[in-house]
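Hi,

Here is the structure I promised to pass on to you. Have a look at it first, and then read my notes below with the viewer open.

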Amino acid sequence: MSAPKIKKRVEELRKEIERHSYLYYVLDRPEISDQQYDLLYRELEKLEQEHPELITPDSPTQRVGQTPQSELKKVERALPMLSLSNVFSVEEFTEFDERVRRELARNEVETEKVEYVCEPKYDGLAIELTYRDGHFILGTTRGDGLVGEDVTVNLRTVNSIPLKLQGKNFPKLLEVRGEVYLPRKDFEKLNEDRASAGDPLFANPRNAAAGSLRQLDPKITAERPLAFYCYGVGRLEGASLPKTHLKTLDALAEWGLRVNKKYSHLAESAKEVTRHYEKLEAQRNDLPYELDGMVVKVDRLDWQRLLGEKSRDPRWATAWKFPAQEEVTKLKAIDVQVGRTGVITPVARLEPVHVGGVTVENATLHNEDQIKQKDVRIGDYVIIRRAGEVIPEVVASLPQRRTGHEKKFEMPKKCPSCGSHLVREEEEVALRCDNAACPAQVKARLYHFISRHAMDVDGLGEKTAEQLMDKELVKDPSDLYHLKYEQIISLERMAEKSTQNLLDSIEKSKKTTLERFLFALGIRHVGEHVAQVIASHYGDIHKIMDATAEQLEEIHEVGPEVAKSLSEFFLGKANRKLVERLLEAGVRPAAPARAKDQSLAGKTFVLTGGLEKFSRDQAKKEIEDRGGRVSSSVSKKTDYVVVGTDAGSKLDKAKELKVPTLDEKAFVALLEKGP
């Protein structure tokens, strides 16, 4: 064949293979046999080997990369991938529906009915795919929502993820959110093969999918039969979305992406949502994939934008979880663990049992009062419950199965780690070790400090951290920043590359945010959200350290318990010294962005109607990040009213009071250039 004919044949083969891949992996409607498909693939492979100049990155033969990666790189995304709130009953979903209606009414939307889309909640790994000019260029895990891991080369091996979009009307830039999962039958086959090879088994399909996707060698990922469904959109440029979520799924399907329309149901009422939930729950064990619930979303996209988001999850969607799955097993022993704040927690050690797709060997008993209330004894047969990602718990004992050899459990009088006497503070059910130097607490605080949502010291696991502490190389978190190469490489299972990677990761962690740094200190009652609120208010660690409980309590969302805990923490000399040592070691907690841009300082805004580029919460954040304030009502003191589609009485009030109004274009210009 001549060169032009070879090139033409290669292009024909690619189109034919892509079409049959789409029919097989996306639509589940194959038109040719596996043998016929293999013949086409081998012909293309042979022609590309003979003419390597014709190979393109999106060729079907290039799904599997050749070179293993040294690490998974972190990627910061422009729009966060939010988690979902959970509901567990008809009553809780009814409350969610009522909140949606109240919020829409508050935004002057007349709603006779709210339509919801009900979708399966896959028990897999959330990912985001980025397509530019129709070509797949980036794939990331959800991570913490803002920062994920680059798993592009591994996602290229997933046959149900198209390397090129279909049609001519796809967006210039498209970010697609979805779930990678391992089908049930493939999970069972994978574990059978691992058992035959003597390899450890995967506990559940979710772990198998996550482990497969995070492999450094894409060839290993390619051996795992992963699948993909998409369920939403992030950024989009060069096109517009339809008006509803259900029609958005249709658009994604037209662009060649795999959506699960068969089990995506439009419900016209909360009662219909309940009926579909009951139907899906009854089908869950017959479906080809693991589900742990049903996702419910407001169908209209403009209403989604009006409802906006809370700090971690959207107000327009929730996950209605399936009932917890329960099993019976034997309680072999009860141990106690010491947490980073000194709380003593009893833990049940169990005969291994499979609960909700996971092998469970440990379960929480919460506290001494719970053990007595449930009359749980060592040697009892007990009911174990697991719901989603919640830690398994002992629900009840089965006294009718006792033999007389069971033993009652007594909480220790002294800390199992340091021997200090345990105390129970007034109005608390938990026992606590008050010794801040307790080795177990010190270790737990270090594990928390290096964790992903805190300082994110990648490559430093609990076992390595424990070695560092046992050898007294690290006595508190500040010592991490003084570790030497020779000290780390002397640890078990540490080679030259892993040692250098760990040193690089420790150095990288010095550049962090104030909210992460505050959360990493492990202060009692100070979680991620509270840390973010306080960091945004003060913008400087020294100002936080010097704040009184009364001053802290004046901050919105900071209650007396949090204020007292934070104030008392920084009144401790050892804690203040720890912060100073960390700063001296080069840790630089950056102030939130709002501390830098005050272009709208002193300006009061009112938002009315729906905006195209912003949800209500996003618009509010843009204003507050520039020092402005958002009010819910229009007055003579209002500086601007931002007017979107379907604006209500607030626009009339603005006209009456002659308050300046901004359409979305003018609002964007104000954000970019200032008043």
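Let's start with a small cluster of charges: Glu368, Asp369, Lys372 and Arg424 are linked to one another in a network of salt bridges. Keep in mind as you click around that this is a predicted model.

How many salt bridges does the structure hold? The count comes to 38. I picked out three pairs for you to find.

The pair Arg106 and Glu103 is joined by a salt bridge, with 2.7 Å between the closest N and O atoms. Both residues sit in helix α3, which covers residues 90-106, and they are three residues apart, about one turn of the helix. Are the two partners buried or exposed? Here the cut-off helps: buried means under 20% relative accessible area, and exposed means over 50%. Glu103 has 16%, so this residue counts as buried. Arg106 has 46%, so this one is partly exposed.

Next, try Arg377 and Asp375. Their salt bridge has its closest N and O atoms 3.1 Å apart. Arg377 is partly exposed at 22% relative accessibility, and Asp375 is partly exposed too, at 28%.

The third pair is Lys297 with Glu119, whose side chains meet in a salt bridge of 2.9 Å, N to O. Lys297 belongs to strand β10 and Glu119 to strand β3, so this pair ties together parts that are 178 residues apart in sequence. Both ends are buried: Lys297 has a relative accessibility of 8%, and Glu119 has 5%.

That brings us to the sheet. Which strands make it up, and in what order? Five strands form an open sheet, running β2-β11-β10-β3-β9, with mixed pairing. At the edges you'll find β2 (85-87) and β9 (265-267); each has a single partner strand, so one side of each is left without a neighbour in the sheet. On average, neighbouring strands here are turned by 35 degrees against each other, if you ignore direction.

For a closer look at one pairing, go to β10 (residues 291-298) and β11 (residues 317-321). These two run antiparallel and are joined by five bridges. If you want a landmark, Val296 stands opposite Thr318 in β11.

Two helices pack on this sheet. Helix α8 (residues 245-254) touches β3 (116-122), β9 and β10, and its direction makes about 55 degrees with that of β3. Helix α9 (residues 270-283) touches β3, β9, β10 and β11, and its direction makes about 160 degrees with that of β10.

Last stop: helix α23, residues 649-657. Which of its residues are buried? They are Lys650, Leu651 and Ala654. These buried residues cover an arc of only 105 degrees around the axis, which puts them on the same side of α23. Over on the other side, Lys655 and Glu656 are exposed. So what covers the buried residues of α23? The cover includes β23 (604-608), β25 (640-643) and β26 (661-662). Just after the helix, look for Lys658, which takes a positive phi of about 60 degrees.

Have fun exploring, and write back if you get stuck!

Cheers

Notes. Residues numbered from 1 in each chain as written. Predicted model: local features only at pLDDT ≥ 70, side-chain atom pairs only at ≥ 80, totals over all residues. Heavy atoms only, no water. Pairing = 2+ DSSP bridges. Helix = DSSP H or I, 4+ residues; strand = E, 2+ residues; numbered from the N terminus. Axes fitted to C-alpha atoms, helices over the stretch in contact; angles between N-to-C directions. Contact = heavy atoms within 4.5 Å. Salt bridge = Lys/Arg side-chain N within 4 Å of Asp/Glu carboxyl O. Buried < 20%, exposed > 50% of the residue type's maximum accessible area, 1.4 Å probe, protein only. Arc of directions from axis to C-beta.
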